[in-house]
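Q: I've got a model open and would like to learn how to read it, feature by feature. Can we start small, with a single residue, and work outwards?

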Amino acid sequence: MVDIAATISALTGSLEVIKAIRDTNHAYDKNELKAQMADLYGNLADVKMALSDAHMELKERDQKIKELTEHAELQGSLITINGYKYDDKDGRPVGLPYCPQCEVAENKLYRLTLLSDTRSRCTNCKNGFPVAADGNVHPEKTNT
Ligand SMILES: [Zn+2]
């Protein structure tokens with residue numbers, strides 16, 4: 001996280017050094033001027049680093065906003081049948097549903113891939129589900 005207050009402080013320090021050099025009535029001695037310039041350089045280097053960090057943070061934030069917006073738009077276009085979310089086309093499910101486990105665990109939607117007429121599998125978490133592209137759940141038969 002960029003420390004905005006420290007960045008403003010470094011920039012203020014830089015401006016004070018520049019003002020001191022500008023407003024002086026006497027000629028700076030070479031060592032004094034070198035020391036002032038070293039302070040100025042250090043302050044401006046801090047400002048540059050802080051701005052670079054801020055740039056990266058804004059890029060990451062923009063990417064996160066984009067992902068969340070796309071996720072929200074996708075969520076709004078889904079139809080839920082028997083607890084599984086499908087793409088919605090005119091109120092009917094299209095294609096295979098998304099993995100309900102990954103949606104809860106990662107808040108991401110991974111479309112299942114078809115294993116058989118009645119089973120699908122998530123390519124992310126590798127779990128199998130008793131659903132198919134027809135929007136029906138096909139409970140596994142038990143031998144009890
Ligand atoms: Zn999954």
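A: Sure. Let's start with T113, which sits in strand β4, residues 112-114. Keep in mind that this is a predicted model.

Q: Is T113 buried or exposed?

A: The idea is to count C-beta atoms around the residue's own, and 12 or fewer within 10 Å means exposed. T113 has 11 such neighbours inside 10 Å, so it counts as exposed.

Q: Which residues does T113 touch, not counting those up to four places away in sequence?

A: Skipping the close sequence neighbours leaves the contacts made by folding. For T113 they are L96, S120, R121 and T123. You can also check a plain distance: T113 and K126 are 13 residues apart in sequence, and their C-alpha atoms are 10 Å apart in space.

Q: Let's try the same on E103. Where is it found?

A: E103 belongs to helix α3, which covers residues 100-106. It is partly exposed because it has 15 C-beta neighbours inside 10 Å, and the exposed class stops at 12. Beyond four places in sequence, E103 is in contact with Y98, K108 and L109. K85 is 18 residues away from E103 along the sequence, with 9.9 Å between the two C-alpha atoms.

Q: What about the buried side of things? Which residues make up the largest nonpolar core?

A: Here's the general idea: in soluble globular proteins, nonpolar side chains tend to be buried together. In this model the largest nonpolar core has 8 residues: Y84, Y86, L96, Y98, C99, L112, F129 and V131. Take Y84 as a way in: leaving out residues up to four places away, Y84 touches P97, P100 and V131. For the chain as a whole, buried residues make up 10% of the 144 residues.

Q: How do I read the overall layout? How many helices and strands are there?

A: List the elements, then their order. The chain has 3 helices and 6 strands, and along the sequence they run α-α-β-β-β-α-β-β-β. The domain assignment gives domain 1 as 4-73 and domain 2 as 78-129. The C-alpha centres of these two domains lie 49 Å apart.

Q: What is the radius of gyration of the chain, and what would a compact globule have?

A: That comparison is a quick shape check. The chain has 30 Å, while a compact globule of 144 residues would be near 15 Å. The spans along the principal axes add to the picture: the C-alpha trace covers about 100 × 35 × 20 Å. You can look at contact range too. Among contacts between residues at least 6 apart in sequence, 27% join residues at least 24 apart.

Q: Tell me about helix α2. How far does it reach from its first C-alpha to its last?

A: A handy test is to compare a helix's span with the value expected at 1.5 Å a residue. Helix α2, residues 30-76, has 47 residues and reaches 68 Å, close to the expected 69 Å. It is hardly covered, with a count of 1 buried residue among its 47.

Q: Can we look at a couple of residues on that helix?

A: L68 is in α2, and it is exposed because 11 other C-beta atoms lie within 10 Å. The C-alpha atoms of L68 and G83 are separated by 22 Å, with their positions 15 residues apart along the chain. G76 is also in α2 and is exposed, with 8 other C-beta atoms within 10 Å. From G76 to S9, 67 residues apart along the chain, the C-alpha separation is 46 Å.

Q: Now backbone angles. Which phi value does N82 have?

A: First the background: most residues other than glycine have a negative phi. N82 goes the other way, with a positive phi near 50°. It lies in the loop between β1 (78-81) and β2 (84-89), and it is exposed, with 11 other C-beta atoms within 10 Å. D90 has a positive phi as well, about 55°, although it is not a glycine. D90 is in the loop between β2 and β3 (92-94), and its 6 C-beta neighbours inside 10 Å make it exposed.

Q: Last one: which element has the lowest mean pLDDT, and which the highest?

A: Check the average, then the elements. The chain averages a pLDDT of 87, and 97% of the residues score at least 70. Helix α1 (residues 4-23) has the lowest mean among the elements, 84, and strand β5 (residues 120-122) the highest, 96.

Note on methods
Residues numbered from 1 in each chain as written. Predicted model: local features only at pLDDT ≥ 70, side-chain atom pairs only at ≥ 80, totals over all residues. Helix = DSSP H or I, 4+ residues; strand = E, 2+ residues; numbered from the N terminus. Buried ≥ 20, exposed ≤ 12 C-beta atoms within 10 Å, placed from the backbone. Contact = placed C-beta atoms within 7 Å. Core = buried A, V, L, I, M, F, W, Y, C linked by C-beta atoms within 7 Å. Domains from an automatic or database assignment. Rg over C-alpha atoms; globule rule 2.2 N^0.38 Å. Expected span 1.5 Å × (residues − 1). pLDDT = per-residue confidence, 0-100.
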